[in-house]
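These are my notebook entries on a structure that I looked up. I record each item in turn.

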Amino acid sequence: MTAEARQAQSLASMISAALREDLVSGVFRVGDKLPSESTLSRQYSVSRTVVREAIAILRADGLVEAKKGAGVFALAPKQNAARPFDDVATQRISSVIELLELRTVFEVESAALAALRRSAAQIEDILEAHREVGKCLEEGLPTRDADFGLHLAIAEATQNRRFPEFLQLIRSGIIPRGDLQGEAPGSRPKDYNLHLQEEHGNIVDAIIEGDAEAARLHMRAHLKGSLERYKALLRNQPLANAERAR
């Protein structure tokens with residue numbers, strides 16, 4: 001992600017948080033019309049694109065609705081409303097496997113689209129994210145955030161904003177190794193990260209070369225490997241742990 005994109009995303013989150021507070025506290029009552037895009041743009045000194053992103057966040061949370069030609073209106077805040085993937089328990093290996101199966105369908109095509117559509121700047125972002133994972137591995141540091149950063153950079157290179165949005169939605173469970181580190185010693189395969197950088201490297205090379213089919217192949221192999229490792233971990237889990245994982 002470019003610095004400009006990160007700043008826009010941060011500003012959108014900030015504005016949505018401020019508007020959320022107004023909606024929840026009653027500044028805007030149910031049915032009230034929110035200020036227009038141009039008004040909010042001037043109020044927060046941001047572009048209208050950033051304002052639209054902020055409103056999209058509120059719409060996803062069920063706090064506002066947009067009526068074509070009329071504007072954006074406040075809805076009744078939902079108490080304890082469940083959002084998709086809120087119930088993902090990353091300490092449960094079975095939940096991790098569910099997400100990996102979903103990711104295999106989603107990210108295989110994400111890699112292919114990235115190979116076809118990536119810009120020069122996005123290639124640089126992907127390479128930098130790949131190097132960051134390698135640095136973590138060399139220094140013995142957790143790879144969770146760096147790993148997510150690489151997959152997110154690939155999703156952004158699809159030029160379809162719904163791909164990175166979806167990854168953000170399931171972020172809590174997408175790279176769950178850190179949560180599993182709390183298990184008993186020896187519960188994780190010792191070679192879990194052994195081939196991680198090589199697998200990532202194959203994906204990155206295919207994207208750089210613009211080879212969509214190779215990108216699909218290597219992303220599928222990477223996620224299949226992760227899925228098989230977690231299945232092995234689930235099979236080898238002590239009975240007491242397995243009971244807790246249900």
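**Entry on Q122.** I found Q122 in helix α5, which spans residues 120-139. Helices here are DSSP runs of H or I with at least four residues, strands are runs of E with at least two, and both are numbered from the N terminus. The model is a predicted one: local features need pLDDT of at least 70, side-chain atom pairs count only at pLDDT 80 or more, and totals for chains, interfaces and linings use all residues. Residues are numbered from 1 along each chain as its sequence is written, and side-chain values use heavy atoms, with hydrogens and water left out.

I asked whether Q122 is buried or exposed. Q122 is buried, at a relative accessible area of 14%; buried means under 20%, exposed over 50%, and partly exposed in between, with a 1.4 Å probe and protein chains only.

I then noted that the side chains of Q122 and Q159 share a polar contact of 2.5 Å. Such a contact is a pair of N or O atoms within 3.5 Å; within protein, one must be able to donate a hydrogen and the other to accept it, and residues adjacent in sequence count only if both atoms are side-chain atoms. A polar atom of the Q122 side chain also lies 3.0 Å from the backbone nitrogen of S119.

**Entry on E199.** I located E199 in helix α10, residues 196-209. E199 counts as buried, at 15% relative accessibility. Leaving out residues up to four places away in sequence, E199 touches H222 and R229, where contact means heavy atoms within 4.5 Å.
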